[in-house]
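Thanks for coming, everyone. Let me put today's structure up on the screen, and then I'll walk you through a few spots.

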Amino acid sequence: MKKVKIICNPSSGRQIIQRRIDSICKLLIDDGYTVSKFSTEKKDDAMWETIRSCKEDWDMIIACGGDGTVNEVAKGIIKGGRKIPVAILAAGTVNDFANYMELPRGSREFYEMIKNEKTIDVDLGKVNDDYFINVAASGLLTNVGYQVQPEIKAILGRMAYYLEGLKEIPKQKFEPIRVRFESEEYIKEEDILLFLLSNSSSIGGFKKLAPEANVSDGYLDSIIIKKSEVQDLVSIFVNILRGEHINHPNVEYFKTKKISIYTDENVPIDIDGEYGGKLPATFEAIPNSFRIFIK
């Protein structure tokens, strides 16, 4: 029968998710599956365990955690050289990708998804030598995700990000960044507050931040928020809820397969909520490189 490796971030979701995993394990084992569970302890543990699973004879992986855990599993699939199908059990503070794909969370429904073996191949993003499943970003407040301590995330959930964001706003004072974009679709040097390169439409809990995104189209959706007055920013962020911010004159929105972004300033990159180095960087879509279970 098939062998299932569960890779779980134990700091995501705490006891509730652990009970859910135990229930899923029982359903799989009772059905004849061989199941092994691996709990991560530090950064890159999920990636290295995925690489090992690719080299061995595992038939599928269950990735349990937030976008950061799924990111590491996706990187492990690429580096391991074998496209093992992955079932994503959302358990972290931020689960934009799983929410966008409408993946089940209940134990029975999740087990049925695995049992039905319906999968699709989705794109990944690549930035220099790193990868992302959902979004890469830089600029205003994009450092919030990796500044929140894991234990605070576990206790406060998404509120931890909002509180950290409120602390950061007075420090940042909406200072623009001078950058140069170079892609087939867009070549320009300008002052910006924020840019995002997204695989799905859901970013930071906003379901329509990249409203035309498609995880299997071979493109990254690019959102650039230019230097703006406070009143323009308020208008942009209000319209994000309806996906209408892309019509604002201070927002550029386009699809690209590859884009290079340059700056002389000290600008960090956020990759799926984790620190991902600094600009300059080249971002590109890696089509159909990650296989996932869907309902």
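First, how the elements get their names: helices (H or I, at least four residues) and strands (E, at least two) are DSSP runs, numbered from the N terminus. With that in hand, Ile225 belongs to strand β10, residues 220–226. Quick background before we go on: this is a predicted model, where local features need pLDDT of at least 70 and side-chain atom pairs count only at pLDDT 80 or more, while totals for chains, interfaces and linings use all residues. Residues are numbered from 1 along each chain as its sequence is written, and side-chain values use heavy atoms, with hydrogens and water left out.

Back to Ile225. Is Ile225 buried or exposed? I'm calling a residue buried under 20% relative accessible area, exposed over 50%, and partly exposed in between, with a 1.4 Å probe and protein chains only. Ile225 comes out at 4%, so it counts as buried. Measure along the sequence and Ile225 is 20 residues from His245; in space, the two are 9.6 Å apart, C-alpha to C-alpha.

Now the aromatic rings. Rings of Phe, Tyr and Trp (its six-membered ring) pair if their centres lie within 6.5 Å; planes under 30 degrees apart are stacked, over 60 edge-to-face, and the rest tilted. That rule gives 4 aromatic pairs. Take Phe181 and Tyr186: their ring centres are 5.9 Å apart with planes at 65 degrees, so that pair is edge-to-face. Tyr186 also pairs with Phe254, with centres 5.0 Å apart and planes at 25 degrees, so here we have a stacked pair. Tyr186 sits in the loop between β8 (177–183) and β9 (187–198), and Phe254 is in strand β11 (residues 251–256), so the pair ties together parts 68 residues apart in sequence. Both Tyr186 and Phe254 are buried, and Phe181 is buried too, at 1% relative accessible area. Put the ring pairs together and you get a cluster of Phe181, Tyr186, Phe195, Phe254 and Phe283.

On to cysteines. How many disulfides does a search of the whole structure find? The cut-off is a pair of cysteine sulfur atoms within 2.5 Å, and the search finds 0. For Cys8, the nearest cysteine sulfur is that of Cys64, 3.9 Å away, and Cys8 is in no disulfide. Cys8 is buried, with a relative accessible area of 0%. Why is Cys25 without a bond to Cys8? The Cys8 sulfur is the closest cysteine sulfur to that of Cys25, but at 9.3 Å it's too far for a bond. Cys25 counts as buried as well, at 11% relative accessibility.

Let's finish with some backbone details. The peptide bond from Leu279 to Pro280 is cis, with omega near 5 degrees. You'll find Pro280 in the loop between β14 (274–278) and β15 (281–293). Strand β15 also holds Asn288, which isn't a glycine but has a positive phi of about 50 degrees. Asn288 is partly exposed, at 38% relative accessible area. Glu102 has a positive phi too, near 55 degrees, and is likewise a residue other than glycine. Look for Glu102 in the loop between α4 (96–100) and α5 (107–116); at 57% relative accessibility, Glu102 counts as exposed.

That's my tour, so over to you.
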